[in-house]
Amino acid sequence: MSQLQPVRGTHDLIGETARRHAHVVDTAREIARRYGYEEWATPIFEDTRVFSRTLGDTSDVVTKEMYTFEDRGGDSLTLRPEGTAAICRAFVTNGLTQALPQRVFYQGPMFRYERPQKGRFRQFHQIGAELLGATDPLMDAETIAMARDILVALGLGGCVTLELNTLGDVESRQAWREALIAYFRAHEAALSEESRLRLDANPLRILDSKAPQDRALLADAPQFSSYLNAASAEFWDSLRRHLERFDVAFVENPHIVRGLDYYSHTAFEFVTDRLGAQSTVLAGGRYEGLVAQMGGPSTPAIGWAGGIERLALLLENAPEKVAPVAVLPTGEPGLPAAIATVQALRHAGLAASLETRSSLKKRMERVVKSGASHMVLIGEDELSRNMVTVRDLTTRTQSEMPIDAVAGHLLKAL
């Protein structure tokens, strides 16, 4: 066995793992298309400022988890830790800020230096969507409905729950933030060391802490509902009404927060109890200032991202491996016809393989073991009559037919 192994926190996508991964992407891409989304692809690495500006200099992602390096020209570059910032950068640099709304779907690898766990890798993959120019709660509800439809299409509707919260507008959130600071300041000695550091820089992130001493303080912490102004309350009420119209079930969870100032109003997570500690499989929210931080105009938006590895683990069954058709010339004279036949099958949309290696008996044994659906045998005698033998490996029956009828026959059979 080779001493070279995948780097810790990375994994190969092969066989069933690759089929599960592709099924998640293909399903999400198709549902997004039905909602009018166009797929974008951004570079895997960006100017470090794309992420340090938007994720916050004090965030764990920036301070502990980003893969940042200096290239040969002296520029600081970072492997993307998430997709939203890169989509907003592309939105601005490609001059699309006046063409609103923009409905964007994306998928691909992300990179974070984290402790690997079940469903959590250092190179991981996400599907995501951003609705740039989302002006009202109806757009938020429709974006959440699309995420729900993707999960249902994957067969996961029964094992995930949508949890929903409001973060209000800037005025509401600032009033709540000040109340939280006052409350946690009074209990500062009981906070974890990490939360004490967050108290001034980003107190909302204390609400998301997993430290037991921090969790014990949350029950008596000021509730955001007490600081929600009239405009924010109306937005929240309207969002819930629209979700009911889209037939999207949800539960309210006041502990869902986003620690960055540009998030507002809608915050949501689809969670499951089937992946242990990694309970969130798809999450998102509304944001207001991210495009402006990229140098564009103030643009309201809502987006979400889902972990492909976690979604793939939840799939009940892996998509079946495509059963190919095997074409076997019985001798050298049949090779030109075999090549023409295998190409005709491929051009007709069928998976087909040309089997020429080793003896005919060994080839037939190998094809049977491979899981092929049919075997096309091209021998000299059949060719002299412009015929071939097609063997159905499932029913164990076979028949002779004209060589130019093979593709039509197999298309009908499969």
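**A pocket, two sets of strands and two cores**

Strand S7 (residues 161–166) contributes three residues to the lining of the second largest pocket, the most of any element; strands here, like helices, are DSSP runs numbered from the N terminus, with at least two residues (E) for a strand and at least four (H or I) for a helix. The model is a predicted one, in which local features need pLDDT of at least 70 and side-chain atom pairs count only at pLDDT 80 or more, while totals for chains, interfaces and linings use all residues. Residues are numbered from 1 along each chain as its sequence is written, and side-chain values use heavy atoms, with hydrogens and water left out.

The second largest pocket holds about 260 Å³ of space. Of its 17 lining residues, Asn165, Gln223, Phe224, Ser225 and Pro254 are the closest to its centre. A pocket is an open set of points on a 1 Å grid over the protein atoms alone, where a 1.4 Å probe fits and protein lies on both sides within 12 Å along at least five of seven lines, and a lining residue has an atom within 4 Å of a point; points are joined across faces, edges and corners, and the volume is the space filled by probe spheres set on them. By class, ten lining residues are nonpolar, six polar and one charged, where Ala, Val, Leu, Ile, Met, Phe, Trp, Tyr, Cys and Pro count as nonpolar, Asp, Glu, Lys and Arg as charged, and the others, Gly among them, as polar.

From the pocket, S7 leads to its partner S9, to which it is joined by six bridges in an antiparallel arrangement; two strands are taken to pair if DSSP finds at least two bridges between them. Thr166 has Thr266 in S9 as its bridge partner. Leu164, also in S7, counts as buried at 0% relative accessibility, the cut-offs being under 20% relative accessible area for buried and over 50% for exposed, with partly exposed in between (1.4 Å probe, protein chains only). The C-alpha atoms of Leu164 and Thr266 are 7.5 Å apart, although 102 residues separate the two in sequence.

Strand S9 (residues 263–271) has nine of its nine residues buried, so it is largely enclosed by the rest of the structure. Seven bridges connect S9 with strand S10 (residues 280–287), again antiparallel, and Tyr263 is bridged to Tyr287 in S10.

An open sheet of three strands, paired antiparallel, follows the order S2-S4-S3. Strands S2 (45–47) and S3 (67–70) are its edges, each having a single partner strand, so one side of each lacks a neighbour in the sheet. Three bridges join S2 to S4, with Glu46 paired to Thr78, whereas S3 and S4 (residues 76–79) pair over four bridges, with Glu70 opposite Ser76. The hairpin of S3 and S4 has five residues between the strands, and Gly74 takes a positive phi near 90° there.

The last topic is the nonpolar cores, each a set of buried Ala, Val, Leu, Ile, Met, Phe, Trp, Tyr and Cys residues joined through side-chain atoms within 4.5 Å. In the largest, of 41 residues, Ile127, Phe268, Phe270 and Trp304 touch the most other members. Helix H5 (residues 137–153) supplies the largest share of this core, eight residues. A second, separate core of 28 residues includes Trp40, Ala90, Leu132 and Leu167.
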